[in-house]
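Trainee: I'd like to learn how to read a few local features in a model. Could you walk me through some?

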Amino acid sequence: MSIEHFDVLVVGAGISGISAGYHFQTECPQRTYAILEGRDTLGGTWDLFRYPGIRSDSDMYTLGYSFRPWTSPKAIADGPSILKYLRETAEAYGIDRHIRFGHRVTRAEWSSKEARWTVTVQRGEAREETRFTCSFFVVCAGYYDYDAGYTPHFEGTERFRGRIVHPQKWTSDVAYEGKRVIVIGSGATAVTLVPELAKKAAHVTMLQRSPTYVIARPAEDSIANWLRGHLPERIAYSISRWKNVLLGMMFFVLSKHAPQFVRKLIQGEVRRQLGASYDVEKHFSPRYNPWDQRLCLVPDGDLFAAIKTGRASVVTDHIETFTEKGIRLRSGEELEADLIVTATGLVLKVLGGVELTVDEDRVDLAKTMSYKGMMYTGVPNLASCIGYTNASWTLKCDLTCAYVCRLLNHMSQGGYRRCTPRVSDPSITPEPWIDFSSGYVQRSIHMFPKQGSRSPWRLYQNYALDTLSLGFLPVEDGAMEFSR
Ligand SMILES: Cc1cc2nc3c(=O)[nH]c(=O)nc-3n(C[C@H](O)[C@H](O)[C@H](O)COP(=O)(O)OP(=O)(O)OC[C@H]3O[C@@H](n4cnc5c(N)ncnc54)[C@H](O)[C@@H]3O)c2cc1C
């Protein structure tokens with residue numbers, strides 16, 4: 001059987017994979033490419049999650065693509081609208097014609113002799129094994145396991161007579177109308193679910209072990225909407241995008257340099273929203289500084305509004321055990337429920353679980369250092385799209401894909417067949433990939449590559465610096481080794 005060959009193979013047809021498709025066909029039109037998608041549909045995250053109220057928690061002017069304006073008046077958009085935008089983008093540029101659905105990539109083996117990857121795929125429900133080869137391999141597989149979310153061990157779950165559901169496994173038959181609901185968690189998913197469920201449930205309790213920073217922001221960006229009414233679409237979009245990038249960066253830098261000031265600012269706003277008698281200290285005062293973990297955004301303060309009406313409440317305590325009727329807390333209080341939602345997070349996964357070998361040696365990514373946050377020491381012709389932790393994911397993915405195109409074009413011009421990042425400077429020291437103190441990061445950080453102490457090994461998490469580094473600095477920088 002002949003093996004199909006592409007110049008570039010992309011894993012995943014989510015936001016990043018579609019961006020990759022656009023960049024390859026636009027900036028390297030002479031190269032062939034295909035996108036291998038494990039599921040039967042595109043959109044990734046925005047198709048997988050079906051819980052009520054699913055929405056972005058960053059604005060669509062930065063979560064949208066640089067090449068396709070987001071034109072809806074809502075800056076914080078609901079999941080179905082984001083999915084529609086992704087589908088329309090894939091169709092508009094013919095990227096959908098390059099996607100092979102039902103192709104789950106399990107292994108990729110690099111051969112230096114042939115200067116190509118052999119990629120093993122399980123196809124369809126029968127998981128029939130098939131192979132492709134490619135000269136360059138781009139992994140756009142997101143960052144978490146699609147099979148199941150993270151649920152810590154809770155005592156007594158088998159005794160609970162109601163239903164327990166993880167948001168990643170939400171289906172349309174999960175009934176919450178008129179029911180007493182407990183949402184366990186305090187992250188982005190919990191703060192999204194609580195106000196939405198509260199619209200129909202008898203009552204919703206957000207049960208958290210410790211608080212998170214929660215910031216109210218208008219769902220609509222009035223400046224962006226004004227610009228769209230007065231300027232050509234692309235110019236208005238570009239200005240709104242940079243405005244939001246810069247505001248986000250300023251807030252991040254301020255949080256890092258004046259954490260106490262930002263803490264007071266955020267808490268003052270929560271107090272203003274919830275009233276002086278509300279115990280903000282207990283429920284909305286995290287033990288860590290702003291941006292030591294991701295902040296949670298609530299459009300138009302919907303979470304606070306739900307709390308104010310009494311349809312939702314926050315309990316900050318530890319779970320002792322599930323009971324027949326609900327959850328008993330360490331304080332002795334028992335919360336009764338018909339439905340318990342475990343918004344306890346994701347299981348992180350590196351490069352879509354694809355097993356990599358280079359000349360028959362298995363690659364342990366945790367032992368590599370990442371180059372510009374996208375390639376890995378000793379691993380030739382492979383890049384991955386991993387977005388920012390402190391800004392919209394797409395910003396970095398767009399830059400990554402554009403950079404890979406520059407790299408490919410440079411290789412064509414120089415007649416190179418292989419490029420491999422290598423650390424030759426002994427003064428570069430390894431550091432963890434992310435410095436977040438969040439549980440989900442700490443649980444998985446050992447699986448992730450390291451970053452280095454200096455450029456081009458350092459992850460600055462800064463769109464302006466990356467625009468310069470990925471868009472303009474020479475591809476031949478001494479750290480990237482090219483060979484014919
Ligand atoms: C509920 C939720 C809300 C979020 N909101 C925001 C937000 O507002 N702003 C923000 O910046 N980020 C947000 N994120 C992060 C979000 O995941 C990214 O913004 C973005 O959707 C990631 O896109 P992606 O294409 O890189 O990955 P994904 O959306 O995860 O898509 C990856 C694709 O790769 C496929 N795939 C994975 N492994 C394989 C394999 N081995 N073989 C074949 N195919 C494979 C998957 O099936 C999937 O289709 C959110 C995440 C979640 C879970």
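Mentor: Happy to, and keep in mind that this is a predicted model. Let's start with a side chain that meets backbone. A polar contact is a pair of N or O atoms within 3.5 Å. Here, a polar atom in the side chain of Asn462 sits 3.0 Å from the backbone nitrogen of Ala464.

Trainee: Where does Asn462 sit in the secondary structure?

Mentor: Look in the loop that links β24 (451-452) with α13 (463-471).

Trainee: And which residues does Asn462 touch, not counting those up to four places away in sequence?

Mentor: Two names come up there: Met249 and Tyr388.

Trainee: Now the ligand. How many residues surround the ligand, and which are the closest?

Mentor: For a shell like this, a residue belongs if one of its heavy atoms lies within 4 Å. By that count the ligand has 32 residues around it, with Ser16, Glu37, Asp57, Ser58 and Tyr146 the closest.

Trainee: What polar atoms should I look at around the ligand?

Mentor: Try three pairs. The side chain of Ser58 places an N or O atom 2.7 Å from a nitrogen atom of the ligand. For Trp393, a polar backbone atom is 2.8 Å from a ligand oxygen. With Trp46 the side chain takes part again, an N or O atom being 3.1 Å from an oxygen of the ligand.

Trainee: How much of the ligand's accessible area does the protein cover?

Mentor: You take the area of the ligand on its own and ask what share gets covered. On its own the ligand has 970 Å² of accessible area, and the protein covers 93% of that.

Trainee: Which elements give two or more residues to the shell?

Mentor: Those are α1 (15-27), α2 (45-48) and β4 (103-111). The largest share is from β4, with 3 residues. By residue class, the shell splits into 16 nonpolar, 12 polar and 4 charged.

Trainee: Last one: how do I read a sheet, say the one with β13, β14 and β15?

Mentor: Read the strand order, then the direction of pairing. This is an open sheet of 3 strands, ordered β13-β14-β15 and paired antiparallel.

Trainee: Why is one side of β13 and of β15 left without a neighbour in the sheet?

Mentor: Because β13 (319-322) and β15 (334-336) stand at the edges, where each has a single partner strand. From one strand to the next, the twist averages 25 degrees.

Trainee: How many bridges join β14 to β15?

Mentor: There are 3 between β14 (residues 326-329) and β15, running antiparallel. To follow one of the pairings, start at Gly326 and find its bridge partner in β15, Glu336.

Technical notes:
Residues numbered from 1 in each chain as written. Predicted model: local features only at pLDDT ≥ 70, side-chain atom pairs only at ≥ 80, totals over all residues. Heavy atoms only, no water. Helix = DSSP H or I, 4+ residues; strand = E, 2+ residues; numbered from the N terminus. Polar contact = N/O pair within 3.5 Å; in protein donor to acceptor, adjacent residues only side chain to side chain. Contact = heavy atoms within 4.5 Å. Areas by Shrake-Rupley, 256 points an atom, 1.4 Å probe, with all protein chains shown as cover. Nonpolar A, V, L, I, M, F, W, Y, C, P; charged D, E, K, R; others polar. Pairing = 2+ DSSP bridges. Axes fitted to C-alpha atoms, helices over the stretch in contact; angles between N-to-C directions.
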